[in-house]
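Trainee: I am new to this one. Can we walk through it together?
Mentor: Yes. Take a look, then ask away.

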Amino acid sequence: MKESDKIPSMDLTGRVAMVTGATKGLGYGMAMGLAQAGADIIVVSRTPADCEKVAKEIEMMGRKALSVAADVSTVKGIEKLVSYAVKEMGQIDILVNNAGIGITKKAVEVTEEEWDATLNLNLKGIFFLCQMVGKHMIERRSGSIINISSAAGLKQEVNVAPYYISKAGAIQLSKVLALEWARYNLRVNCVCPGYVMTSLNEKELSDPQILERFVKTISMRRLGTVGEIAGIVVYLASDASRYVTGAVFSVDGGLTLN
Ligand SMILES: NC(=O)c1ccc[n+]([C@@H]2O[C@H](COP(=O)([O-])OP(=O)(O)OC[C@H]3O[C@@H](n4cnc5c(N)ncnc54)[C@H](OP(=O)(O)O)[C@@H]3O)[C@@H](O)[C@H]2O)c1
C-alpha cells in the first residue's frame, strides 16, 4: 500500500489541546478522550478546584495537564488564558471551544443581561478564542479548532431564542474562519451534539414527562452519552481528519432528521 493510501493516524501524542468547559459534562468527556488519544490538555473553566481535579486525573493517565481558571466570555479573560497557556505549554495544536450556557424563557421576556450572558460566551467568546489561538496557529502553519455548537443551531424551538441564535452563529463562524484560514493549514470544524444529560439540562431532563417528550423527537429514541460526543472531537483533532475543514457534524441520534 502506498503511504498516501493509508488512513492518517488518530494518535495525538505530543499535541497540546485546550478544552474550555473541561470540568463537567461534554467538555470533560472531550478532555478525557483527547488525553486517551495521547494529547496533553489545558483544562479551562471558571472554577479553579474543578480544573485542578480534572488536571490531576489527566496526569494520572501519563499526560501533561495545565489547569487554568478563566472566564472565556470576556476578551480580557481570553487574552490572559491564551498568553499563560502558550507560555506554560509552549504551543497549542488543538482548540475545543466547548463552554456554553443556555436559558429557557419566552423571547418577549429575555432581558439584555440574559442575551449578553448567552451570546458573550456562546458566540463572542468562541470568536475571540479562535482569533487569539488562531494567530498562534497561523504562525505555526498548523492547528485544528473544533467549535461545539448544537442541534439547536440547525433547528427551531420555542422559548430558547438566545441559545438557538448563538448556536446557529457558531456554525457560520466556524465556516467563515475555515475559509479564511485554510491557506495556513489551520482547520476549523463544528460539532452539533443532540441531547446528553449534563448540568446544562439535568433539571429539565430529570422530569420524566419532559424527558419522554424530548426522547420522542430523537430518531434513535434515546439520549446520547458524553463518550459518544467525544469520539468525533478526537477524530477532528487528529490527522485522520486532516483534509476536513468547514464541516458541520451532527452527533444527535438523528434528532435533526425529524
Ligand atoms: N448537554 C447537551 O445536551 C448539549 C447538547 C448540545 C450542545 N451542547 C453544548 O455543549 C457544550 C457543553 O455543554 P454541557 O452540557 O457539557 O454543559 P455543562 O455540563 O453545564 O458544562 C459547562 C462547562 O463550561 C464551563 N463554563 C461555563 N461558563 C464558563 C465561562 N464563562 N468560562 C469558562 N468556562 C465556563 C463550566 O464550568 P464553570 O461553571 O466552573 O465555569 C463547565 O465546565 C455547550 O456549548 C452546550 O451548548 C450540550
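## Strands, core and ligand shell

Mentor: Start with strand β5. G143, I145 and N147 point one way from β5, while S144, I146 and I148 point the other way, and all are buried. Keep in mind that this is a predicted model.

Trainee: How many of the residues of β5 are buried?
Mentor: Both sets of residues, on the two sides of β5, are buried. The strand is therefore largely enclosed by the rest of the structure. The count is six of the six.

Trainee: Which strand runs parallel to β5, joined to it by four bridges?
Mentor: Look at N147 in β5, which stands opposite N97. N97 falls in the strand that covers residues 94-97. The strand joined to β5 by four bridges is β4.

Trainee: Which residues of β2 lie on the side opposite to D40, I42 and V44?
Mentor: In a regular strand, side chains alternate between the two faces of the sheet. In β2, both faces are covered by the rest, and the residues on each are buried. Six of the six residues of β2 are buried, so β2 is largely enclosed by the rest of the structure. Opposite D40, I42 and V44 are I41, V43 and S45.

Trainee: Which residue stands opposite V43 in β2?
Mentor: β2 pairs with strand β1, residues 16-20, in the parallel sense over five bridges. V43 also has contacts far along the chain, including A31, C51 and V68. Opposite V43 stands V19.

Trainee: Which residues have the most contacts inside the largest nonpolar core?
Mentor: In soluble globular proteins, nonpolar side chains tend to be buried together. Here the largest nonpolar core has 73 residues. Those with the most contacts inside it are A31, L34 and V43.

Trainee: Which helix gives the largest share of this core?
Mentor: The largest share amounts to nine residues. They come from a helix that spans residues 112-140. That helix is α4.

Trainee: Which element gives the most to the shell around the ligand?
Mentor: There are 29 residues around the ligand, and G21, G25, R46, G100 and T198 come nearest. By class, the shell has 11 nonpolar, 14 polar and four charged residues. Both α1 (25-36) and β2 (40-45) supply at least two residues. The element that gives the most, with three residues, is α1.

Trainee: Is N98 buried or exposed?
Mentor: N98 sits in the loop between β4 and α4. It touches V19, T20, G21, L26, G27, M30 and I148, leaving out residues up to four places away in sequence. N98 has 29 C-beta neighbours inside 10 Å, and a residue with 20 or more counts as buried. So N98 is buried.

Trainee: How many C-beta neighbours does F214 have inside 10 Å?
Mentor: F214 lies in helix α7, residues 208-216. Leaving aside residues up to four places away in sequence, F214 touches Y195 and L205. F214 counts as partly exposed because its number of C-beta neighbours inside 10 Å is 17.

Trainee: How far apart in space are F214 and G14?
Mentor: Along the sequence, F214 and G14 are 200 residues apart. Their distance in space is taken C-alpha to C-alpha. It is 41 Å.

Trainee: What is the phi of R141?
Mentor: Most residues other than glycine have a negative phi. R141 is not a glycine, yet its phi is positive. R141 is found in the loop between α4 and β5, and is exposed, with 10 other C-beta atoms within 10 Å. Its phi is about 55°.

Trainee: Where is R221 found?
Mentor: R221 has a positive phi of about 55° although it is not a glycine. With 10 C-beta neighbours inside 10 Å, R221 counts as exposed. R221 is found in the loop between α7 and α8.

Trainee: What radius of gyration does the protein chain have?
Mentor: The protein chain has eight helices and seven strands. Its C-alpha trace spans about 50 × 45 × 40 Å along the principal axes. With 258 residues, a compact globule would have a radius of gyration near 18 Å, which agrees with that of the protein chain: 18 Å.

Definitions and conventions. Residues are numbered from 1 along each chain as its sequence is written. This is a predicted model: local features need pLDDT of at least 70, side-chain atom pairs count only at pLDDT 80 or more; totals for chains, interfaces and linings use all residues. A nonpolar core is a set of buried Ala, Val, Leu, Ile, Met, Phe, Trp, Tyr and Cys residues joined through C-beta atoms within 7 Å. A residue is buried if 20 or more other C-beta atoms lie within 10 Å of its own, exposed if 12 or fewer, and partly exposed in between; C-beta atoms are placed from the backbone. Two residues are in contact if their C-beta atoms, placed from the backbone, lie within 7 Å. A residue is near a molecule or strand if its C-beta atom, placed from the backbone, lies within 6 Å of it. Ala, Val, Leu, Ile, Met, Phe, Trp, Tyr, Cys and Pro count as nonpolar, Asp, Glu, Lys and Arg as charged, and the others, Gly among them, as polar. The radius of gyration is taken over C-alpha atoms; the globule rule is 2.2 Å times the number of residues to the power 0.38. Two strands pair if DSSP finds at least two bridges between them.
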